[in-house]
Amino acid sequence: MVSLIKSRWDAHFGGILLVCVIAAAATFLSEHYGAPAMLFALLIGMAFHFLYDDQKFTPGLEFSAKTLLRFGVGLLGLRLSIGDVESVGLGAVGAVVGFVMATLACGAVLSFLFGRKLAFGLLAGGSVAICGASAALAITSVLPAKDDREQDTLFVVIGVTALSTIAMIAYPVLFQALGMSDLESGFLIGATIHDVAQVVGAGYSISDEAGVIATFVKMVRVALLPVVIIVVMASFRGAQSQKITLPWFLVMFVALAILTNTGLVPQVITDAIATLSGWCLVIAISALGVKTSLATILRVKPSYGLILVVETLFLLTIAVAFVMGFGF
């Protein structure tokens, strides 16, 4: 048993060490230059694509890109707080649920209109609707296996990260130009920007009140990740009368969300696990970057990028229309 564990560790060590170093470098650059760590991780990882076919690195890269990313997504459950979600009001929560489902449906429709596969439409729609790169990684793990699935996933991760960064800068200016209050601006930022980090940055750039509300609303969207994953699974397996088995990381996500709201978990542990989750996801993104070449990404059809842009504008439009029509 000991020899088996040692041999497996030796086989995985090189790849895991490589992506940990890339993740650390990406985090350092993010902290010093302000760009998303996941974007840095992707770009640096791509620069090391030539190592992917080396058997010293392949097992560790596969482990990081699959098992580790699922573990990181499962840990996201500890970020959810029922009290935070309730503070924005039931009407607003219901609206956010509607936004998420409408955006997911938009992705499915756009995939049909642009002649793309349903899987890509749901992958793109779910990443825009929920939480950007993290949602993309979670959704792709339950999609049917396909040779270019990781290529699609990486393209979506790059696309939503770039769009989220643009939104972080542009949306606060847009919402203030529209005469939105801090409460309304915070709601819109939380309801429309893809990645959690950019939501926090954009919200607090307006005011502390907007930052708090934006974070709360964003967590409502994150809470819908298990629902969206089940919808995606049913879209491909339900029609074939196959039994839908919940993936272990989804069960973990829900269990930790329930646990963290019992008050039994000390805040210091919650914060530590949230940090661990973030590192797991950055390391997983680094591994995906190493596995994919830039040349492969550039061969992706322009219609894929257009789908992401249209979905982003669709989500923004329905959210602004809701606030202007109903207010707070």
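This briefing describes the fold, a pocket, the aromatic pairs and four buried residues of a single chain. The model is predicted, and the mean pLDDT of the chain is 82, with 88% of its residues reaching 70 or more. The chain holds 16 helices and 0 strands, and of its 328 residues 52% count as buried.

**Confidence and overall fold**

- Confidence varies along the chain, being highest in helix 9 (residues 182-192), at a mean of 91, and lowest in helix 15 (residues 294-298), where the mean is 63.
- Where pLDDT is low, the predicted coordinates should not be read in detail.
- Among the contacts in the chain that join residues at least 6 apart in sequence, 80% are between residues at least 24 apart.

**The second largest pocket**

- The second largest pocket encloses about 250 Å³ of space, and its lining is made up of 15 residues, of which Lys66, Arg70, Thr140, Ser141 and Glu150 lie nearest the centre.
- Helix 3 (58-75), helix 7 (133-140) and helix 8 (149-177) each supply at least two residues of this lining, and the largest share, 4 residues, comes from helix 3.
- Sorted by class, the lining of the second largest pocket comprises 7 nonpolar, 3 polar and 5 charged residues.

**Aromatic pairs**

- The structure holds 5 aromatic pairs; in one of them, the rings of Phe99 and Phe187 have centres 6.4 Å apart and planes at 65°, and because an angle over 60 degrees counts as edge-to-face, the pair is placed in that class.
- This pair links distant parts of the chain, with Phe99 in helix 5 and Phe187 in helix 9, 88 residues apart, and Phe99 and Phe187 are both buried.
- The rings of Tyr171 and Phe175 have centres 5.5 Å apart and planes at 50°, so this pair is tilted.
- Tyr171 and Phe175 are 4 residues apart in helix 8, which means that about one helical turn separates them, and both of these residues are buried.
- Ring pairs also link Phe99, Phe187 and Phe322 into a cluster.

**Thr103 and Gly125, in helices 5 and 6**

- Thr103 has its place in helix 5 (residues 90-113), whereas Gly125 lies in helix 6 (residues 118-129).
- Thr103 has a relative accessible area of 0% and is therefore buried, and Gly125 is likewise buried, with a relative accessible area of 0%.
- Once neighbours within four places in sequence are left aside, Thr103 is in contact with Gly125, Val128, Ala129, Glu311, Phe314 and Leu315.
- With neighbours within four places again left aside, Gly125 is in contact with Thr103, Leu104, Gly107 and Glu311, so that Glu311 appears among the contacts of both Thr103 and Gly125.
- Gly125 and Leu315 stand 190 residues apart in sequence, while the separation in space is 9.9 Å from C-alpha to C-alpha.

**Tyr52, in a loop**

- Tyr52 is located in the loop between helix 2 (37-47) and helix 3, and its relative accessible area of 18% makes it buried, because the class takes in values under 20%.
- Not counting residues up to four places away in sequence, Tyr52 touches Thr58, Leu61, Glu62, Val290 and Lys291.
- The C-alpha atoms of Tyr52 and Gly289 are separated by 9.9 Å, although these two residues are 237 residues apart along the chain.

**Ala210, in helix 11**

- Ala210 is found in helix 11 (residues 208-223), and at 0% relative accessibility it counts as buried.
- Leaving aside neighbours within four places in sequence, Ala210 is in contact with Asp182, Gly186 and Gly203.
- Between Ala210 and Ile189, which are 21 residues apart in sequence, the distance from C-alpha to C-alpha is 8.4 Å.

Technical notes
Residues are numbered from 1 along each chain as its sequence is written. This is a predicted model: local features need pLDDT of at least 70, side-chain atom pairs count only at pLDDT 80 or more; totals for chains, interfaces and linings use all residues. Side-chain values use heavy atoms; hydrogens and water are left out. pLDDT is the predictor's confidence in each residue, from 0 to 100. On a 1 Å grid over the protein atoms alone, a cavity is a set of points where a 1.4 Å probe fits but cannot get out, and a pocket is an open set with protein on both sides within 12 Å along at least five of seven lines; lining residues have an atom within 4 Å of a point. Grid points are joined across faces, edges and corners, and a volume is the space filled by probe spheres set on the points. Ala, Val, Leu, Ile, Met, Phe, Trp, Tyr, Cys and Pro count as nonpolar, Asp, Glu, Lys and Arg as charged, and the others, Gly among them, as polar. Buried means under 20% relative accessible area, exposed over 50%, partly exposed in between (1.4 Å probe, protein chains only). Contact means heavy atoms within 4.5 Å. Rings of Phe, Tyr and Trp (its six-membered ring) pair if their centres lie within 6.5 Å; planes under 30 degrees apart count as stacked, over 60 as edge-to-face and the rest as tilted.
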